[in-house]
Amino acid sequence: MSVNLLAIESSCDDTSASVLTNGAIRSNVIASQKVHSQYGGVVPELASRVHLTKIITVTEKALIGAGILKESLNAIAFTSGPGLIGSLMVGSSFAKSLSLALRVPLIGVHHMQAHVLSNFIDEPKPSFPFLCLTVSGGHTQIILVKDYSKMEVVGETKDDAAGEAFDKTASLIKLPYPGGPMIDKLAKSGNPKAFEFPEPNVPGLNFSFSGLKTSILFFIKENIKKNPRFIEERINDICASVQHRIVSILLRKLQKAADQFNIKEIAIAGGVSSNSGLREAAVEMSKRNGWHLYIPAAEYCTDNAAMIAITAYYKFLAGDFEPLSAAPSARMEWKRG
Ligand code: KG4
Ligand code: ZN
């Protein structure tokens, strides 16, 4: 029997639906919300309202794109957390209604587990155990992945996430939200060694980005005092130098984890893993260390329903279903593996 799944992702400001058949993604439709850029960050109440207006058309597009009738679906998957509670409620209510109407089971998916398993969408796939550096707008973690469902967080940020470090820097230099992709673009024609930003001294495999944010703030203020046009004149060098430091912080800890666990299977996931500087530096580091490196295609790095679908597929095979009564949760602890 073939397995057809529909997955819905609505944890933050992207409304996405994806259809999967037997482990292969057949469609992945993503509608990003533009409304937040004028506020410099995601406004939760607006996000849930926009999800409501988009969720049906996005789902229809995903079904049509896959050439599948909803009557052929074997289960409905959705992001059950972590994320913005209002946004999660829209996706979970929609998924529950469909599962009731179609009389098929429901599968709840942990958003961060799905980022990790986005590495199983395309070939080659990592083999267990592997380490995954998961870097997004809300999380920065090193995860020891023992199985599709057994994952242990072995390091994480004590304050800001790497994506926040990109976005907050972008707002300091007057770039629109979300600033990560724009910093990436501007950094391409800048000098990464133009300015030196400090690397925090955090024990173990943990991260901290709040000190970096403060030092960038003071650096910008000082330089604007001397030259009011400093940002405009040096924007490429600022972006390249900040990106260089964020990447070096991330990869130094990834290297430490790989050495500590003696693992050469290494993956990267999450929105920041689409950063070209991080991707290039990780490839270089892998060559030096003899790692097998896995990074998802760009459309599977930022929030998307295909990663929910692939995670749901492994849960479907394991018979791991969600009762209709289960509520989504803004904060979801990891099951320790
Ligand atoms: O995984 P994601 O789409 O959503 C969360 O689960 O948070 O990650 C969004 C984060 C944002 O902070 C965004 O600025 C960052 O990923 N991001 C990037 C790039 N593309 C997205 N950061 C740096 N370079 C990029 N190319
Ligand atoms: Zn995410």
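## A zinc site, two domains and some unusual backbone spots

Let's start with a loop: Pro82 sits between strand 4 (75-81) and helix 2 (85-102). Keep in mind that this is a predicted model. In it, the peptide bond from Gly81 to Pro82 is cis, with omega near -10°. Another cis bond joins Glu123 and Pro124, where omega is about -10°. Pro124 is also in a loop, this one running between helix 3 and strand 6 (130-135). Why point these out? Most peptide bonds are trans, and most residues other than glycine have a negative phi.

That brings us to two residues with a positive phi. Neither Asn22 nor Lys174 is a glycine. Here they are side by side:

| Residue | Phi | Loop | Relative accessibility |
|---|---|---|---|
| Asn22 | about 50° | between strand 2 (14-21) and strand 3 (24-32) | 42%, partly exposed |
| Lys174 | near 65° | between helix 4 (162-172) and helix 5 (180-187) | 68%, exposed |

Now for the metal. Which protein residues hold the zinc ion (ligand 2)? Its protein donors are His111 and His115, each through NE2, plus Asp303 through OD, and they lie 2.0 to 2.1 Å from the ion. Along the chain, the donors follow the spacing H-x3-H-x187-D. So the site ties together distant stretches: His115 belongs to helix 3 (residues 111-117), while Asp303 is in the loop between strand 10 (292-294) and helix 9 (306-318), 188 residues apart. Both His115 and Asp303 are buried.

Why is the arrangement around the zinc ion called irregular? The 4 donor atoms subtend angles of 96 to 141°, and a tetrahedral label would need all angles to lie between 85 and 135 degrees.

Helix 3 also contains Gln113. With a relative accessibility of 11%, Gln113 counts as buried. Gln113 is 194 residues from Met307 in sequence, yet their C-alpha atoms are 8.9 Å apart in space.

Finally, zoom out to the whole protein. It is divided into domain 1 (4-116 + 300-317) and domain 2 (125-295). Taken over C-alpha atoms, the domain centres are 27 Å apart. Domain 1 puts 13 residues into the contact and domain 2 puts in 18. How much area do the two domains bury between them? The figure is about 1,300 Å², with 74% of it on carbon and sulfur atoms. On the domain 1 side, Met112, Val116 and Cys301 lose the most area to domain 2, together making up 45% of what that side buries. As for salt bridges between the domains, the count is 0.

Methods: Residues are numbered from 1 along each chain as its sequence is written. Chains are lettered from A and ligands numbered from 1 in the order in which they are written. This is a predicted model: local features need pLDDT of at least 70, side-chain atom pairs count only at pLDDT 80 or more; totals for chains, interfaces and linings use all residues. Side-chain values use heavy atoms; hydrogens and water are left out. Donors are N, O and S atoms within 2.8 Å of the metal (3.2 Å for Na, K and Ca); water is not among the atoms, so sites may look incomplete. Four donors count as tetrahedral if all angles lie between 85 and 135 degrees; four count as square planar and six as octahedral if opposite donors are over 155 degrees apart and all others between 65 and 115; anything else is irregular. Helices (H or I, at least four residues) and strands (E, at least two) are DSSP runs, numbered from the N terminus. Buried means under 20% relative accessible area, exposed over 50%, partly exposed in between (1.4 Å probe, protein chains only). Domain bounds come from an automatic or database domain assignment. Contact means heavy atoms within 4.5 Å. Buried area is the accessible area (1.4 Å probe) that two parts lose on being put together, summed over both. A salt bridge is a side-chain nitrogen of Lys or Arg within 4 Å of a carboxyl oxygen of Asp or Glu.
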